Amino acid sequence: MAVAVYPGSFDPVTLGHQDIIERSSKIMDRVIVGVLKNNSKSPLFSVQERVNMLKSVTGHLPNIEILAFDGLLVDFVRNCQADVIVRGLRAITDFEYELQMSQTNRVISPGIDTIFLTTNLKYSYLSSSIVKEIAMYQGDISAFVAPEIAVKVLRRAADVKNKRPS
Ligand code: ADP
């Protein structure tokens, strides 16, 4: 059985992430979306909130599971009894970092390979950071995230902005 882990911050999950999840669910028997805790970025949403948002947009896909993780990705992959990491490649700018990560992971864990899905052209410019930036100004993010996610992001962005000193 081919089991993959699709890791990321998903702060918040975008339509670009959803596209990669849907496509990998067709290629693999099972895909575990790994939501990274304790990353160096300070996230807009807690890991539990990010897990819940991912669950709400992937509920229609029976072979997808959402789990939080911290520590080394390869350890999480092994604990999941998976042997493949899925990553999305948007543009050449993603390439260098992704290549370095996948080669490092293969050295520290030779049984684990990384496969890359190139982004759907529709979403090649899209990132969680851009969505958050627009949301901070209460802009329209409906082309970038699912409707239920847009509501949550705009509400959280407004809360954060109100708490900042002017
Ligand atoms: P990370 O902080 O690990 O980059 P992200 O949540 O930003 O986490 O991204 C997780 C994965 O999803 C990465 O492989 C990234 O390249 C991919 N990804 C992000 N945005 C898109 C998009 N618009 N289209 C395709 N893949 C994407």
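This is a short talk about the fold of one protein chain and the ligand it holds.

Hi everyone, and thanks for coming. Before we start, please keep in mind that what you see is a predicted model.

Let's begin with the chain as a whole. How many helices and strands does the chain have? Its secondary structure comes to six helices and five strands. If you follow the sequence from start to end, the pattern reads β-α-β-α-β-α-β-α-β-α-α. The radius of gyration is 16 Å, and the globule rule gives 15 Å for 166 residues, so the chain is as compact as a globular protein of that length. As for its outer dimensions, the C-alpha atoms fill a box of roughly 50 × 30 × 30 Å, taken along the principal axes.

Now to the ligand. Where does the ligand sit? You will find it in the largest pocket. Three elements each give two or more residues to the shell around the ligand: β1, covering 3–8, then α1, covering 15–27, and β4, covering 84–89.

Let's look at that shell in detail. It has 16 residues, and the closest are Tyr6, Ser9, Lys41, Gly88 and Tyr123. By type, the shell divides into six nonpolar, six polar and four charged residues.

Next, some individual contacts you can look for on the screen. Ser9 places a polar side-chain atom 2.7 Å from an oxygen atom of the ligand. Thr119 also uses a polar side-chain atom, which lies 2.9 Å from a nitrogen atom of the ligand. With Leu126, the contact comes from the backbone: an N or O atom there lies 3.0 Å from a ligand nitrogen atom. How much of the ligand does the protein bury? Taken alone, the ligand exposes 550 Å², and the protein buries 89% of that.

Before I finish, let's visit the loop between β1 and α1, where we find both Phe10 and Pro12. Here is some background first. Most residues other than glycine have a negative phi, and most peptide bonds are trans. With that in mind, look at Phe10: its phi is positive, about 50 degrees, although this residue is not a glycine. Then move along to Asp11 and Pro12, which are joined by a cis peptide bond with omega at about 0 degrees.

So, to recap: we have a predicted model with six helices and five strands, and a ligand sitting in the largest pocket. When you explore the structure yourself, try starting at Ser9, one of the closest residues to the ligand. Thanks for listening!

Methods
Residues are numbered from 1 along each chain as its sequence is written. This is a predicted model: local features need pLDDT of at least 70, side-chain atom pairs count only at pLDDT 80 or more; totals for chains, interfaces and linings use all residues. Side-chain values use heavy atoms; hydrogens and water are left out. A residue is near a molecule or strand if one of its heavy atoms lies within 4 Å of it. A polar contact is a pair of N or O atoms within 3.5 Å; within protein, one must be able to donate a hydrogen and the other to accept it, and residues adjacent in sequence count only if both atoms are side-chain atoms. Accessible areas come from the Shrake-Rupley method with a 1.4 Å probe; for residues, only the protein chains shown count as cover. On a 1 Å grid over the protein atoms alone, a cavity is a set of points where a 1.4 Å probe fits but cannot get out, and a pocket is an open set with protein on both sides within 12 Å along at least five of seven lines; lining residues have an atom within 4 Å of a point. A molecule sits in a cavity or pocket if more than half of its atoms lie within 2 Å of its grid points. Helices (H or I, at least four residues) and strands (E, at least two) are DSSP runs, numbered from the N terminus. Ala, Val, Leu, Ile, Met, Phe, Trp, Tyr, Cys and Pro count as nonpolar, Asp, Glu, Lys and Arg as charged, and the others, Gly among them, as polar. The radius of gyration is taken over C-alpha atoms; the globule rule is 2.2 Å times the number of residues to the power 0.38.
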